[in-house]
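Biologist: I would like a close look at a single part of this protein, with its surroundings explained step by step. Please start from one pair of side chains and work outwards.

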Amino acid sequence: MQAVTRVLAIRHGETDWNRDTRIQGQLDIGLNETGRWQARRLALALADEDLSAVCSSDLARAIDTARELAHPRRLQVITDRGLRERGFGTFEGSTFIEIEARWPLDAARWRRRDLQFAPGGGETLVDLNARCIGAATLLAQAHAGQSIAIVAHGGVLDCLYRAAAHVELDAPRSWEVPNAGINRLLYTPQGFTLVGWGDVGHLEGHATETSVVET
């Protein structure tokens with residue numbers, strides 16, 4: 001019988017740059033007040049989950065979200081650079097509108113999910129997918145038969161959804177990746193499968209903003 005790893009895949013809480021639609025990429029931007037509230041609400045919603053490990057990107061916005069899950073369980077957050085957001089190179093620090101104005105041809109390739117496109121100094125979608133799915137797979141394999149949380153970024157969560165739902169990497173996105181949303185996956189040696197996605201019931205009653213583009 002195959003050991004199944006139960007995976008909670010979670011995007012970090014909101015940052016000011018999320019609110020401003022400004023590309024963060026691998027810049028180390030912290031949570032804002034709403035993001036910290038979201039992280040606390042997330043921890044309350046998952047208080048009864050039997051987690052063996054809490055894993056995170058090594059960027060502050062993910063680590064600080066993950067700590068809310070780890071501390072009540074007396075766990076140390078396991079950080080992994082492989083879970084970082086896509087490297088957006090020259091796009092980092094700019095808003096969507098600024099990118100459209102300054103690099104219109106590059107912006108068009110980005111919007112249509114051109115698999116060979118990378119912003120100057122950044123990553124292609126193919127590179128991002130290989131990196132983050134590889135990292136998530138190794139973490140799931142290391143905790144076979146257990147439940148773990150993986151706290152990462154919009155682009156990483158998008159790749160996990162596609163891997164679990166068998167959606168092509170260049171297909172348009174029709175699902176949201178909400179900040180501090182609860183997403184449930186299973187992992188077996190055959191790969192990831194989708195159980196549930198985008199649960200934000202625990203965030204009701206507080207103004208939040210969600211972007212469907214990884215930032």
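Which side chain meets that of Asp 58 in a salt bridge?

Modeller: Please keep in mind that this is a predicted model. The side chain of Asp 58 meets that of Arg 84 in a salt bridge, with 2.7 Å from N to O. The pair links distant parts of the chain, since Asp 58 sits in the loop between E2 and H3 while Arg 84 sits in the loop between E3 and helix H4 (96-102), 26 residues apart. As for their surroundings, Asp 58 has a relative accessibility of 21% and therefore counts as partly exposed, the limit for a buried residue being under 20%. Arg 84, at 14%, falls under that limit and so counts as buried.

The strand that comes before the loop of Asp 58 deserves a careful look. Strand E2 covers residues 53-56, and both of its faces are covered: Ala 53 and Cys 55 are buried on one side, and Val 54 and Ser 56 are buried on the other. E2 pairs with strand E4 (residues 147-152) in the parallel sense over four bridges, and within this pairing Cys 55 stands opposite Ile 150, while Ser 56 has Val 151 as its bridge partner. E2 also pairs in the parallel sense with strand E3 (residues 77-79), here over three bridges, and Ser 56 stands opposite Thr 79 in that strand. Between E2 and E3 the chain crosses through helix H3 (residues 60-70), and this β-α-β crossover is right-handed.

These strands belong to an open sheet of six, in the order E3-E2-E4-E1-E5-E6, with mixed pairing. Its edge strands are E3 and strand E6 (191-199), each of which pairs on one side only, and the twist from one strand to the next averages 25 degrees.

The neighbour of Arg 84 in sequence, Leu 83, leads into the interior. The largest nonpolar core has 28 residues, and Leu 83 is listed with Ile 150, Leu 160, Leu 185 and Phe 192 as having the most contacts inside it. The elements that each give two or more residues to this core are strand E1 (5-11), E2, helix H6 (125-142), E4, H7 and E5, and H6 provides the largest share, eight residues. Leaving aside residues up to four places away in sequence, Leu 83 touches several residues, including Ser 56 and Ser 57 as well as Ile 150 and Ala 152, and also Cys 132, Ala 135, Ala 136 and Leu 139. Apart from this core lies another, of 16 residues, among them Ala 66, Leu 69, Val 151 and Ile 182. The two E4 residues named above as partners of E2 thus appear in separate cores, with Ile 150 in the largest one and Val 151 in the other.

The salt bridge you asked about can also be placed among the others, as the count comes to twelve. One of them joins the side chains of Arg 111 and Glu 100, at 3.2 Å from N to O. Arg 111 lies in helix H5 (residues 104-111) and Glu 100 in helix H4, so this pair ties together parts that are eleven residues apart in sequence. Arg 111 is partly exposed, with a relative accessible area of 39%, and Glu 100 is partly exposed as well, at 36%. Arg 109 forms a salt bridge with Asp 114, their closest N and O atoms being 2.8 Å apart. Elsewhere, Arg 113, Asp 158, Arg 162 and Arg 173 are linked in a network of salt bridges.

Definitions and conventions. Residues are numbered from 1 along each chain as its sequence is written. This is a predicted model: local features need pLDDT of at least 70, side-chain atom pairs count only at pLDDT 80 or more; totals for chains, interfaces and linings use all residues. Side-chain values use heavy atoms; hydrogens and water are left out. Buried means under 20% relative accessible area, exposed over 50%, partly exposed in between (1.4 Å probe, protein chains only). Two strands pair if DSSP finds at least two bridges between them. A crossover is right-handed if, with the strands pointing away from the viewer, the path from the first strand over the helix to the second runs clockwise. Axes are lines fitted to C-alpha atoms, for helices over the stretch in contact, and angles run from 0 to 180 degrees between N-to-C directions. A nonpolar core is a set of buried Ala, Val, Leu, Ile, Met, Phe, Trp, Tyr and Cys residues joined through side-chain atoms within 4.5 Å. Contact means heavy atoms within 4.5 Å. A salt bridge is a side-chain nitrogen of Lys or Arg within 4 Å of a carboxyl oxygen of Asp or Glu.
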